[in-house]
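I opened this notebook to record what I looked up, entry by entry. The structure is shown first, and my entries follow.

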Amino acid sequence: MPLFSYVVRRILQMIPTVVFILVITFVLIRLLPGDPASAMLGDRALDADVIRINASLGLDRPIIVQFFYFVERVFTGDLGNSITLKLPVMTLILQRLPVTLMLISMAAVIALVLAVPLAFVAALKREQTSDAAIRGVFQVGLSMPVFYIGILLLTLFAAHLKWFPVGGYGDTFGSKLYHLFLPALTLAVSLAAILMRNLRAAIIGVINAEYVDFARAKGLRTRIILFRHVLRNALISTITLFGLQIGSLLGGGVITETVFAVPGAGRLMIDSIYGRDYPVLQGLTIALAILVSLTFLVTDIVQAWLDPRIAR
């Protein structure tokens, strides 16, 4: 029951967050240099044509009127039509967002697969050669920008060894996993390094706790102690960090999708920025911001499940 009340409170707390997202999205996109009409008509656009297109898009109205009209359309599910692609924004988001979600999910899984076991090894072999080697390798990955890691992986595994395609997105589920593996690995490298360092420190702190010593004195098996007592408590801070890093993954996904020519939401956002496509930019920003908010909600729920004291 306390967990259910906690979830309800967190959902209610998301309402002002969503309102704030709408305001910030509307304001920031209007601050972009240039205007959609000029982008559509080119450098030789006539003033009369610019005025006509702005009027047809409603951009000649007072800014407050534009905002309320924008909010009304968002809550009715009508995000307008793309200025450059001439398609409904909702259709574009439903086409591109699943690609990005699959990429982010793969990156998160790869990061966890890399970080959790290696964090255990590094913590249990503290200050030994294996610990130093694991931290050193991850430090190299953490110090390089995402786009540079992507170019290195693309050059080595796609262009040189030809183990993976240089870009694109497959048709079947298996083909999609195959095409997205290198982009996902690119995003996972830095995330795995952050999670590994945090989880290693948490395991070292927990493994010396009194209740762990008591579990050893009771004669429990090492495997049970590590997974039931050590990992469960050490994961609390790591899960918080993991949830916070989802936003960074989405930001890195914009660059990674461009490097690997993945037709996801990130690449669509870049194209929309160049084209001054206000409706698409607004729709994508809102969708991604709400997605991050939902990720934080899930993170809080998992934390409360691991540590019931949080829900009180």
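Entry 1, Arg200. I note at the outset that this is a predicted model. I looked up which residues Arg200 touches beyond four places in sequence, and I found Ala119, Ala122, Ala123, Arg126, Glu127, Asp131 and Arg135. Arg200 lies in helix α8, residues 173-207. Is Arg200 buried or exposed? Its relative accessible area is 10%, under the 20% cut-off, so I entered Arg200 as buried.

Entry 2, the core. I then turned to the largest nonpolar core, which has 67 residues. Among those with the most contacts inside it are Phe70, Met196 and Leu284. For Met196 I listed the contacts outside its neighbours within four places in sequence: Ala115, Leu118, Ala119, Ala122, Ile134, Arg135 and Phe138.

Entry 3, helix α4. I checked helix α4, residues 63-75, and found that its 13 residues reach 19 Å from first C-alpha to last, close to the expected 18 Å. Its buried residues are Gln66, Phe67, Phe70, Val71 and Val74. They cover an arc of only 135° around the axis and therefore sit on the same side of α4. On the face turned away from that buried side I found the exposed residues Phe68, Glu72 and Phe75. After α4 comes Gly77, with a positive phi near 80°.

Entry 4, Val280. I located Val280 in helix α12, residues 278-306. Its relative accessibility is 1%, so I counted Val280 as buried. Leaving out residues up to four places away in sequence, Val280 touches Ser82, Val89, Leu92, Leu268 and Ser272. Leu268 is twelve residues from Val280 along the chain, and their C-alpha atoms are separated by 8.3 Å.

Definitions and conventions. Residues numbered from 1 in each chain as written. Predicted model: local features only at pLDDT ≥ 70, side-chain atom pairs only at ≥ 80, totals over all residues. Heavy atoms only, no water. Core = buried A, V, L, I, M, F, W, Y, C linked by side-chain atoms within 4.5 Å. Buried < 20%, exposed > 50% of the residue type's maximum accessible area, 1.4 Å probe, protein only. Contact = heavy atoms within 4.5 Å. Helix = DSSP H or I, 4+ residues; strand = E, 2+ residues; numbered from the N terminus. Expected span 1.5 Å × (residues − 1). Arc of directions from axis to C-beta.
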